[in-house]
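These are my notebook entries from an afternoon with one structure, written down in the order in which I looked things up.

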Amino acid sequence: MSITDSAAPQVPAQIQMMQLLAGFQVSQALYVVAKLDIATILSDGPRTVDQLAAEANADADALGRIIRFLATLGIFRTSGEEVEITQLGATLADDRADSLRYGALYWMETHYAPFGDLVHTARTGEIAATRHYGRPFFDWISADPERVEVQNRTFANVTNSLRAGMFDGYRLPDGAVVADLGGADGSMLAQLLADAPDRRGIVFDRPEIVPAARKTLADRGMADRVQSIGGDFFQSVPSADVYILSYILHDWDDEACRRILRAIVEAAEPGARVVLVEAVIPPGDAPHPAKVVDLTMLAMMGGRERTAEEYQALLDSAGFTLDRIVPSPTPFSFVEATLR
Ligand SMILES: C[S@@+](CC[C@H](N)C(=O)[O-])C[C@H]1O[C@@H](n2cnc3c(N)ncnc32)[C@H](O)[C@@H]1O
């Protein structure tokens with residue numbers, strides 16, 4: 001039996017384990033494709049390895065071997081010397097709205113190295129990224145405009161790709177002013193308010209993110225009714241009727257989440273609504289993307305993915321009543337709550 005046989009039950013446990021352990025090589029090989037922009041080059045047709053290497057300024061032998069490996073995972077199709085990108089591989093091309101290229105760059109350039117300290121996290125509970133970078137992860141990101149740019153483009157990629165279709169059929173709770181806290185470059189709020197011309201919006205994020213949000217909102221023709229405000233959601237947040245917290249609470253431990261929720265309590269009237277956009281962990285051992293992201297939170301942020309019961313308890317402890325959890329066609333759900 002060869003290592004590429006896919007009949008999983010017949011693959012000896014040791015071979016399966018070696019394949020799992022090789023995950024770091026898969027990540028790095030995919031990073032090469034993203035960094036050298038190989039998928040974008042192949043978007044307009046097949047190339048030989050030599051042509052690709054010349055266009056990507058790479059070593060032909062090394063690139064050819066990386067491509068041969070990734071072809072076994074369905075990223076490329078090869079025929080003799082010719083290389084073609086598959087539908088799966090094309091998700092790393094830059095020239096499409098639902099690209100994941102920046103996700104690959106972000107993960108591998110900012111998350112990969114700290115994950116080398118996961119054993120330290122397992123032993124002590126301390127955050128690997130904080131140890132690795134000598135300061136909290138978002139502080140390290142903020143110190144370099146290029147990192148900020150890659151992070152913004154990654155979250156925009158996530159909104160456009162992994163969350164594609166998630167808002168179909170979903171209507172935000174009523175309320176004239178909608179604030180997206182930690183709203184990044186504003187892509188999500190722009191999408192949510194596009195069909196609600198009577199509502200006004202606020203994208204609230206760290207000050208260094210504001211220029212990107214202003215640009216998105218101007219590009220989408222929404223600058224007249226959606227403001228961008230810089231600040232710190234642990235200190236204070238703008239007043240609004242509906243608050244979106246998309247992929248925010250999962251970044252933080254319960255006490256830090258309560259500080260963010262308390263800032264909302266200070267700014268809002270009773271009856272204000274909160275919508276968490278999060279991947280809620282289902283019970284049992286079935287695979288779910290949130291179980292992987294939970295490791296990211298563990299190692300990078302000290303945050304966690306939560307179950308429905310954990311969200312209910314967290315919201316309740318900060319003065320909010322969980323109203324309902326609305327699933328979407330994606331791994332993300334809308335967790336709606338009301339300020340008591
Ligand atoms: C995981 S991202 C989520 C972005 C976006 N809401 C989404 O769902 O794609 C977390 C966001 O929180 C922002 N953020 C982190 N700390 C913050 C703080 N103290 N105050 C305001 N925003 C903050 C980051 O800049 C980043 O844009």
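Before I could list what surrounds the ligand, I needed a rule, and the one I used counts a residue as near a molecule if one of its heavy atoms lies within 4 Å of it. I also noted at the start that this is a predicted model.

**Entry 1: the ligand**

With that rule I found 17 residues around the ligand, and the closest are G182, D205, D232, F233 and S246. I sorted this shell by the kind of residue and got 9 nonpolar, 3 polar and 5 charged.

I then looked up the polar atoms that face the ligand. The side chain of R163 places an N or O atom 3.0 Å from an oxygen atom of the ligand. For F233 the partner is in the backbone, where a polar atom is 2.9 Å from a nitrogen atom of the ligand. In S246 a polar atom of the side chain lies 2.6 Å from a ligand oxygen. I next asked how much of the ligand's accessible area the protein covers. On its own the ligand has 590 Å² of accessible area, and 97% of this is covered by the protein.

**Entry 2: a sheet of three strands**

Next I turned to an open sheet of 3 strands, which has the order β1-β3-β2 and antiparallel pairing. Because β1 and β2 each have a single partner strand, they stand at the edges, and one side of each is left without a neighbour in the sheet.

I followed the pairing on each side of β3. Strand β1, residues 47-48, pairs with β3 in the antiparallel sense over 2 bridges, and on this side T48 stands opposite E82. Strand β2, residues 76-79, runs antiparallel to β3 and is joined to it by 4 bridges. Along this second pairing I found F76 opposite I85, R77 opposite E84 and S79 opposite E82. The hairpin of β2 and β3 has 2 residues between the strands, and G80 there takes a positive phi near 60°.

Which residues of β3 are on its covered face, and which on its uncovered one? In this strand, residues 82-85, V83 and I85 make up the covered face, while E82 and E84 make up the uncovered one. I set beside this a general rule, that side chains in a regular strand alternate between the two faces of the sheet.

**Entry 3: G74, ahead of the sheet**

I looked up G74 and found its place in the loop between α5 and β2. G74 counts as partly exposed, because its relative accessibility is 27% and that class lies between the 20% and 50% limits. G74 and I85 are 11 residues apart in sequence, and their C-alpha atoms are 8.9 Å apart in space. Leaving aside neighbours within four places in sequence, I listed T86, L88 and G89 as the contacts of G74.

**Entry 4: two positive phi angles outside glycine**

I then noted two residues that are not glycine and yet have a positive phi. D37 has a phi of about 60°, and its place is the loop between α2 (23-35) and α3 (38-42). N57 has a phi near 60°, and this residue lies in the loop between α4 (49-56) and α5 (60-71).

Is each of these residues buried or exposed? D37 has a relative accessible area of 19% and is therefore buried, since the limit for that word is under 20%. N57, with a relative accessible area of 73%, is exposed, because that word is used for values over 50%.

**Entry 5: S228 in a strand**

My last look was at S228, which has its place in strand β6, residues 226-230. S228 has a relative accessible area of 9% and so is buried. When I left aside its neighbours within four places in sequence, I found S228 in contact with V203, V210, A213, R214 and L217.

Key:
Residues numbered from 1 in each chain as written. Predicted model: local features only at pLDDT ≥ 70, side-chain atom pairs only at ≥ 80, totals over all residues. Heavy atoms only, no water. Buried < 20%, exposed > 50% of the residue type's maximum accessible area, 1.4 Å probe, protein only. Polar contact = N/O pair within 3.5 Å; in protein donor to acceptor, adjacent residues only side chain to side chain. Areas by Shrake-Rupley, 256 points an atom, 1.4 Å probe, with all protein chains shown as cover. Nonpolar A, V, L, I, M, F, W, Y, C, P; charged D, E, K, R; others polar. Pairing = 2+ DSSP bridges. Contact = heavy atoms within 4.5 Å.
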